[in-house]
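Work through the exercises below with the sequence and the model side by side, and try each task before you read its solution.

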Amino acid sequence: MELKQLLELEQENLRLHELATRDELTGIMNRRAAQNKIIETMHKGGALFVCDLDNFKHINDRFGHLTGDHCIKMASELLRQSVRKTDVFGRIGGDEFVIFVYGISTQSEIDVVCRNIENRFVNEMQQTVYDLRISIAGSICRMGDTYDSLFDRADQKLLLIKQQKKNSFRAEEAVSSSLNRDVSYIKRDLTEQIRKPGAFCQDYESFKNIYRFMERSLRRKKIDASLIVLSITDENGQVLDPHTNMYRMDELGTVLQNQIRLGDVYTRYSSNQFLVMLVAATYEQAQMIGQRIIKAFGEHEGAVVTANSIPLSEAKID
């Protein structure tokens with residue numbers, strides 16, 4: 001056989017060896033090759049690490065399997081950068097990887113390796129839309145260990161870590177859910193339980209507080225708002241007798257409820273007067289609304305309604 005043919009045969013054998021021992025997607029050791037290499041050298045001592053990506057199924061479901069493959073390759077490269085060339089590193093399936101690090105003999109050393117790998121993922125992946133995180137756990141090689149016993153210990157630790165993450169996430173969800181319920185209860189408590197159509201009727205002290213709140217807003221923003229003072233008197237401007245006055249004030253209250261907007265506020269100011277606060281209404285608009293209320297009230301013998309409009313910026317309420 002000629003030298004050229006021998007070289008070609010050797011290259012083909014190397015290629016076939018690579019195909020047999022390398023993961024097709026990432027180019028690192030496949031499951032069988034990594035396992036065989038660890039079995040050959042674990043007598044030297046060290047620690048086996050098992051790791052996988054958090055919520056990888058979500059990435060496949062949301063972005064598709066091609067994106068999932070891209071994420072596997074990115075994760076493989078980050079892990080490759082995190083281990084030494086003398087260490088064993090392989091993909092054992094899906095989003096799972098195995099690493100055997102020589103020279104480790106304590107749990108604190110395992111913790112350092114895990115923390116460094118986790119931090120590398122956080123720092124590198126938070127710039128991407130995938131924001132990949134990794135879970136990793138390691139176990140020190142003991143006297144009499146087989147590959148299976150060593151792998152099983154590391155894998156059990158990984159399962160525990162992932163369960164703790166899930167429990168933590170559920171606790172955060174529970175807190176969030178509780179807060180949402182609290183907000184819902186507060187909103188329900190603040191909301192009118194029986195909402196009448198039309199304007200918002202308040203007692204005078206509450207009306208004053210609303211007015212003062214609006215007055216502060218006026219100082220910061222250019223908001224039009226006006227007050228209307230509605231009074232019921234006789235034709236001579238005198239207060240009606242108590243019985244008639246009570247009856248006519250009830251009628252006027254019903255008119256106000258129906259004639260002004262839900263976002264406006266009114267209150268009974270005195271025995272024969274109502275105060276109306278119109279939000280986002282100019283002085284001219286307030287005058288028109290006042291006349292509309294008078295018209296809706298209608299004509300009643302011996303009773304007259306008058307409306308006086310005041311821009312909110314000029315009004316003073318004690």
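Two residues are in contact when heavy atoms of theirs lie within 4.5 Å of each other. The model is a predicted one, in which local features need pLDDT of at least 70 and side-chain atom pairs count only at pLDDT 80 or more, while totals for chains, interfaces and linings use all residues. Residues are numbered from 1 along each chain as its sequence is written, and side-chain values use heavy atoms, with hydrogens and water left out.

**Exercise 1.** Find which residues F97 touches, not counting residues up to four places away in sequence, and place F97 in its nonpolar core.

*Solution.* Start from the contacts of F97, which include I28, F49, V50, I72, L79 and F89. Next, recall that a nonpolar core is a set of buried Ala, Val, Leu, Ile, Met, Phe, Trp, Tyr and Cys residues joined through side-chain atoms within 4.5 Å, where buried means under 20% relative accessible area, exposed over 50%, and partly exposed in between, with a 1.4 Å probe and protein chains only. The largest such core has 27 residues, and F97 is among those that touch the most other members, together with F49, L53, L79, I99 and F121. Finally, look at the elements that give two or more residues to this core, namely β1, α3, α4, β3, α5 and β4; of these, α4 gives the most, with six residues.

**Exercise 2.** Compare the expected span of helix α5 with the distance between its end C-alpha atoms, and explain on which side its buried residues lie.

*Solution.* Helices (H or I, at least four residues) and strands (E, at least two) are DSSP runs, numbered from the N terminus. The expected span is 1.5 Å times one less than the number of residues, so the 19 residues of α5 (107-125) should span 27 Å, and this agrees with the 27 Å between its end C-alpha atoms. Its buried residues are I110, C114, I117, F121 and M125. Because they cover an arc of only 65° around the axis, they are on the same side of α5, the arc being that of the directions from the helix axis to the C-beta atoms.

**Exercise 3.** Describe the salt bridge between K162 and D54, and decide whether D54 is buried or exposed.

*Solution.* A salt bridge needs a side-chain nitrogen of Lys or Arg within 4 Å of a carboxyl oxygen of Asp or Glu, and the closest N and O atoms of K162 and D54 are 3.2 Å apart. The pair links distant parts of the chain, since K162 is in helix α6 and D54 in the loop between β1 and α3, 108 residues apart. D54 counts as buried because its relative accessibility is 15%.
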